[in-house]
Amino acid sequence: MNLISDIMPALLNGLTTTLCLFFIVFITTIPLGFLVACVRVYAPKWLSWIIQVYIYVMRGTPLLLQLMVVFFGLPLVGITFERFTAALLAFILNYTAYYAEIFRGGILSVPKGQFEAIKVLGIGKIQGFKRIIIPQVFRVVLPSVGNEVISLVKDTSLVYILGLGELLRAGQIAANTYASLLPFAAVGLIYLLITGVITLALNAIEKKFNF
């Protein structure tokens with residue numbers, strides 16, 4: 001118990017960084033992913049091709065490598081970011097690409113008759129897309145989005161490569177300091193608690209959409 005009380009402040013400090021990174025990436029990448037998906041589906045071919053290349057690069061290379069390129073590579077061409085900003089940029093670019101593909105699949109799953117009905121009824125493309133198409137898309141993609149959200153929680157540990165004091169790094173330092181595996185066990189429990197809360201929230205959202 002004494003060890004737990006000694007290491008808890010450091011773990012909570014690391015948890016703050018982890019949650020901050022998670023929430024910022026979460027609230028930015030989902031709408032960006034949806035926007036990129038719409039551009040890929042409906043934009044001219046040349047723009048759609050550029051989006052495809054971007055998605056291919058982001059999905060085809062490890063997130064850890066992307067973090068290193070943003071923080072260590074971009075300064076070589078005169079572009080420098082602080083550690084947390086570099087982590088945010090790499091995560092946003094990566095997860096936007098994944099969400100874009102998920103939303104693209106959701107958009108393409110909507111029967112074409114729905115779009116024709118919107119046109120025939122004279123609802124208007126924007127209003128029809130907002131009120132009829134988007135709810136159907138979200139109902140389809142929610143399970144896949146949920147999986148990516150859980151992955152995001154765990155992927156935040158990769159920012160250790162930039163020297164950020166996130167949760168896992170705080171646990172590793174504590175484990176080395178006290179020569180004990182208990183800090184790692186505490187870190188694991190904290191991750192399980194976070195993912196458990198997120199899973200319950202996602203299940204509640206899925207039930208709401210599957211009325």
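This passage walks through a predicted model of a single protein chain, from its overall build to a few individual residues.

It helps to begin with the whole chain. The protein chain contains eight helices and zero strands, and reading along the sequence gives the pattern α-α-α-α-α-α-α-α. Taken along the principal axes, the C-alpha atoms fill a box of roughly 70 × 50 × 20 Å. Of the 211 residues in the protein chain, 37% are buried. The accessible surface comes to about 12100 Å², and carbon and sulfur atoms account for 69% of that surface. Contacts can also be sorted by how far apart the partners sit in the sequence. Among contacts with a separation of 6 or more, 77% join residues 24 or more positions apart.

Helix α2 offers a good place to look at the surface. This helix spans residues 45-60, and Tyr56 lies in it. Tyr56 has a relative accessible area of 65% and is therefore exposed, since the cut-off for that class is over 50%. Tyr56 also belongs to a nonpolar patch on the surface, together with Trp46, Trp49, Ile50, Val53 and Val57. Together, the residues of this patch have about 710 Å² of accessible area.

Helix α3, covering residues 63-73, shows the other side of the story, with Leu63, Gln66, Leu67, Val70 and Phe71 buried. Viewed down the axis of α3, these buried residues fall within an arc of 115°, so they line one face of the helix. A general rule is useful here: an α-helix has 3.6 residues a turn, so residues three or four places apart point the same way.

Beyond α3 the chain enters a loop that leads to α4 (83-109), and Pro75 lies in this loop. Pro75 has a relative accessible area of 32%, so it counts as partly exposed, a class that runs between 20% and 50%. Leaving aside residues up to four places away in sequence, Pro75 touches Val70 and Thr80. Val70 is one of the buried residues of α3, which links this loop residue back to the helix through a contact.

Finally, a word on cysteines. The structure holds zero disulfides. Cys20 has a relative accessibility of 36% and so counts as partly exposed, whereas Cys38, at 15%, counts as buried because its value is under 20%.

Technical notes
Residues numbered from 1 in each chain as written. Predicted model: local features only at pLDDT ≥ 70, side-chain atom pairs only at ≥ 80, totals over all residues. Heavy atoms only, no water. Patch = residues over 30% accessible without salt bridge, like charges linked within 9 Å, V, L, I, M, F, W, Y side chains within 5 Å. Areas by Shrake-Rupley, 256 points an atom, 1.4 Å probe, with all protein chains shown as cover. Salt bridge = Lys/Arg side-chain N within 4 Å of Asp/Glu carboxyl O. Helix = DSSP H or I, 4+ residues; strand = E, 2+ residues; numbered from the N terminus. Buried < 20%, exposed > 50% of the residue type's maximum accessible area, 1.4 Å probe, protein only. Arc of directions from axis to C-beta. Disulfide = S-S within 2.5 Å. Contact = heavy atoms within 4.5 Å.
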